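Let's take a walk through this fold, starting from a small group of side chains and working outwards. Have the model open and turn it as you read.

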Amino acid sequence: MIETVILEYLNQNLDVPVYMERPEKDIGEFVVLEKLGAGRTDHITKATFALQSFGNTLFRAAEINEEVKAAMDDLILLTEISRSQLNSDYNYTDTEKKRYRYQAVYDVTHY
């Protein structure tokens with residue numbers, strides 16, 4: 001499952017923990033990896049992922065987002081990945097829970 005490959009890779013390459021869902025207890029700084037969708041053509045699978053970077057300040061959320069983007073850009077080094085491209089990234093502060101976050105959306109082609 002490509003989600004576990006990316007999750008494991010990010011946990012090894014980031015200084016903050018990465019989860020597949022938001023932790024129940026607020027732990028400060030972390031990243032949430034979410035698969036938004038996928039498709040397959042000629043046995044080549046493409047998936048879109050959202051990576052939400054949570055920080056204690058807006059600046060720190062932006063810093064974590066930059067670290068996430070650098071790690072995702074290097075995802076191509078994995079044998080399972082043939083492409084990792086930034087679709088967009090933006091301030092995605094959670095006003096309901098009053099938590100600073102950024103979101104980066106990546107299109108990933110994998111085997």
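Which residues form one aromatic cluster? Tyr-19, Phe-30 and Phe-54 do. Keep in mind that what you are looking at is a predicted model.

Let's stay with the two phenylalanines for a moment. The structure holds three aromatic pairs. In one of them, Phe-30 and Phe-54 are stacked, with 4.5 Å from centre to centre and 15° between the planes. This pair ties together distant parts of the chain, as Phe-30 sits in strand E2 and Phe-54 in strand E3, 24 residues apart. Are these two rings buried or exposed? Phe-30 counts as buried because its relative accessibility is 1%, and Phe-54 is buried too, with a relative accessible area of 1%.

For another aromatic pair, look at Tyr-90 and Tyr-92, which meet edge-to-face: 5.8 Å centre to centre, with 85° between the planes. Here the surroundings read another way. Tyr-90 has a relative accessible area of 32%, so it is partly exposed, and Tyr-92, at 33% relative accessibility, also counts as partly exposed.

Now zoom out to the sheet. It's an open one, with five strands in the order E1-E2-E3-E5-E4 and mixed pairing. The edges are E1 (18-19) and E4 (81-91), each of which pairs on one side only. E4 runs antiparallel to its partner E5 (residues 100-110), and nine bridges join the two. If you want a spot to check, find Ile-81: its bridge partner in E5 is His-110.

Two helices pack on this sheet, and we can take them in turn. Helix H1 (residues 2-13) touches E1, E2 (30-41), E3 (44-55), E4 and E5, and its direction makes about 145° with that of E2. Helix H2 (residues 58-73) touches E2, E3, E4 and E5, and its direction makes about 10° with that of E5.

One last stop: Ser-53, in strand E3. How accessible is Ser-53, and does it count as buried or exposed? Its relative accessibility is 0%, so Ser-53 counts as buried. Who surrounds it? Leaving aside neighbours within four places in sequence, Ser-53 is in contact with Phe-30, Val-31, Ala-61, Ile-64, Asn-65, Val-68, Tyr-100, Arg-101 and Tyr-102. Phe-30 on that list brings us back to where we began, as it belongs to the aromatic cluster with Tyr-19 and Phe-54.

Key. Residues are numbered from 1 along each chain as its sequence is written. This is a predicted model: local features need pLDDT of at least 70, side-chain atom pairs count only at pLDDT 80 or more; totals for chains, interfaces and linings use all residues. Side-chain values use heavy atoms; hydrogens and water are left out. Two strands pair if DSSP finds at least two bridges between them. Helices (H or I, at least four residues) and strands (E, at least two) are DSSP runs, numbered from the N terminus. Contact means heavy atoms within 4.5 Å. Axes are lines fitted to C-alpha atoms, for helices over the stretch in contact, and angles run from 0 to 180 degrees between N-to-C directions. Buried means under 20% relative accessible area, exposed over 50%, partly exposed in between (1.4 Å probe, protein chains only). Rings of Phe, Tyr and Trp (its six-membered ring) pair if their centres lie within 6.5 Å; planes under 30 degrees apart count as stacked, over 60 as edge-to-face and the rest as tilted.
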